[in-house]
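Biologist: Could you take me through one part of this model in detail, the largest pocket and what surrounds it? Please keep it informal, but spell out your cut-offs.

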Amino acid sequence: TLYMSRIKVKNFGPIREGFVENDGWLDIKKVTVLIGNQGSGKSTIAKLISVFSWLEKNIVRKSITTEQLNVAVFKNLCRQQEIIEYFSRDTLLIYEGGAYEFKYDEKTQFFEAKINANNYRNYVLPKIQYVSAARNLLTILYNISFKNIVDKDGNVIDLASNIPIMVKELNKEYINALMEFANEGFALPINDTSVYFKEHRTFVKTGDKPISMSAASSGVQSITPLLLVSHYLSENVQGDIFDKIQNIDDNLKSKIENELLKEDEELTDKFKQIYSFGKGILPINDDALMLKEILKQFIPSSFINIVEEPEQNLFPNSQRNVVNTLLKYNNNVSDNKLIITTHSPYVINYLMLSIKASEIEQRCGDNKEIKSRLYEIVPEKASTPLQDVAIYELDENTGTISKLKESFGLPSNENYLNDELGESNVLFSELLEIEDLCQQ
């Protein structure tokens with residue numbers, strides 16, 4: 001069962017009153033979308049979710065204890081996410097996750113973390129990835145990560161020093177994804193294009209003609225790290241937890257062994273055997289079940305994918321393909337979550353198609369002809385039930401957040417993104433009227 005998490009934000013950056021319903025609580029569902037004008041706080045909410053999710057995960061993993069958490073630690077994490085300047089004297093931030101609850105109050109300089117006893121057993125350790133809108137940097141970051149230059153005074157300049165930490169973290173996973181999936185070509189859902197990674201060089205092919213990634217279109221440069229990393233991590237968290245043991249690094253292996261030694265020396269030996277010889281060596285018994293429960297605290301089995309502007313530099317039809325692809329990855333594991341910030345009305349409209357497709361799937365049962373027609377519009381496994389979706393609209397003028405209205409069981413077209421489309425139609429009609437006046 002997907003564990004529910006939620007967040008309350010007041011007086012933080014552009015967000016003042018916060019969510020105007022539900023006593024201020026924003027539910028973070030399987031698919032959560034944040035829309036709004038520039039500076040309305042979309043990325044602010046997304047980054048706070050990232051910070052709190054990361055804290056929760058690392059307490060469960062025993063990388064940090066609740067006693068070690070304090071205001072300085074929390075603010076340092078916010079500094080890394082570039083939201084440190086958003087604190088004000090009335091800031092209040094509360095997050096309730098599957099395993100832990102956090103509360104920060106600026107007035108009292110109070111930061112608290114406590115276990116969520118009601119939900120803890122349902123918590124599934126996630127891999128968390130923040131896919132920044134600055135992801136186009138990754139096409140050049142690989143080449144400059146290890147290079148320094150010297151200025152006219154002889155001072156050494158690290159070219160990568162000013163690149164945000166979250167972009168550097170994304171770059172690590174991007175390189176892993178390239179090595180894992182792009183050696184033989186990774187297909188992008190636009191223009192019959194594939195990405196290749198060979199001899200430390202990334203290039204793309206449309207048809208038979210290869211070109212370097214740096215020469216590719218801005219849309220290809222934007223979606224390549226987005227989709228490769230999303231695919232890589234959604235695959236990475238799937239499967240039996242015992243199968244994943246052989247892919248963990250030495251640091252995590254040592255951490256697990258130390259934790260197992262506290263419980264039972266025999267469990268430690270069994271863990272080492274599985275690490276060396278595979279899960280076939282272990283009989284399914286009470287020891288195996290106990291070992292599995294402990295491993296769940298350390299090895300991710302879900303994926304929280306936080307994506308800024310998936311529509312970046314894309315034609316509307318390409319936006320549709322990217323949204324459907326992200327939804328498919330999100331549906332690979334029941335506990336996955338997809339959080340999107342967007343300026344695009346098309347993203348909302350394509351999500352509406354996904355919701356409607358889910359409704360039709362439920363109604364048509366096993367009718368293959370209907371499903372075939374349905375999957376031509378919304379690909380199989382991209383459909384998402386309405387109850388799994390939350391769309392929030394942020395207002396930069398009032399500093400408030402409201403939930404997108406529903407109409408006929410779907411997110412309503414009455415939102416600022418579609419309003420802008422409608423406004424352009426109205427303005428065009430006015431231009432036509434002016435043109436008529438010129439001809440009189």
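Modeller: Sure: helix 1, helix 2, strand 8 (126-131), helix 4 (165-181), helix 5 (218-236), helix 6 (241-244) and helix 7 (250-263) each put at least two residues into the lining of the largest pocket. Helices here are DSSP runs of H or I with at least four residues, strands are runs of E with at least two, and both are numbered from the N terminus. Before going on: this is a predicted model, where local features need pLDDT of at least 70 and side-chain atom pairs count only at pLDDT 80 or more, while totals for chains, interfaces and linings use all residues. Residues are numbered from 1 along each chain as its sequence is written, and side-chain values use heavy atoms, with hydrogens and water left out.

Helix 4 is the top contributor to that lining, with 6 residues. The pocket's volume comes to about 1200 Å³, taken as the space filled by probe spheres set on grid points that are joined across faces, edges and corners. A pocket, on a 1 Å grid over the protein atoms alone, is an open set of points where a 1.4 Å probe fits, with protein on both sides within 12 Å along at least five of seven lines; lining residues have an atom within 4 Å of a point. There are 37 lining residues, and Lys57, Arg61, Lys127, Glu169 and Glu173 are the closest to the centre.

Now follow two of those lining helices away from the pocket. Helix 1 (residues 42-60) gives the largest share of the largest nonpolar core, 9 residues. Such a core is a set of buried Ala, Val, Leu, Ile, Met, Phe, Trp, Tyr and Cys residues joined through side-chain atoms within 4.5 Å, buried being under 20% relative accessible area with a 1.4 Å probe, protein chains only. This one has 98 residues, and Ile7, Ile45, Phe52, Phe74, Leu93, Phe102 and Phe111 touch the most other members.

Then there's the sheet: 5 strands, open, antiparallel, in the order 3-1-5-6-7, where pairing takes at least two DSSP bridges. Strand 3 (25-28) and strand 7 (110-115) are the edges, with a single partner strand each, so one side of each has no neighbour in the sheet. Helix 2 (residues 71-80) packs on the sheet and touches strand 5 (87-96), strand 6 and strand 7, contact meaning heavy atoms within 4.5 Å. Its direction makes about 90° with that of strand 5, using lines fitted to C-alpha atoms (for helices, over the stretch in contact) and angles from 0 to 180 degrees between N-to-C directions.

Terms used
Buried < 20%, exposed > 50% of the residue type's maximum accessible area, 1.4 Å probe, protein only.
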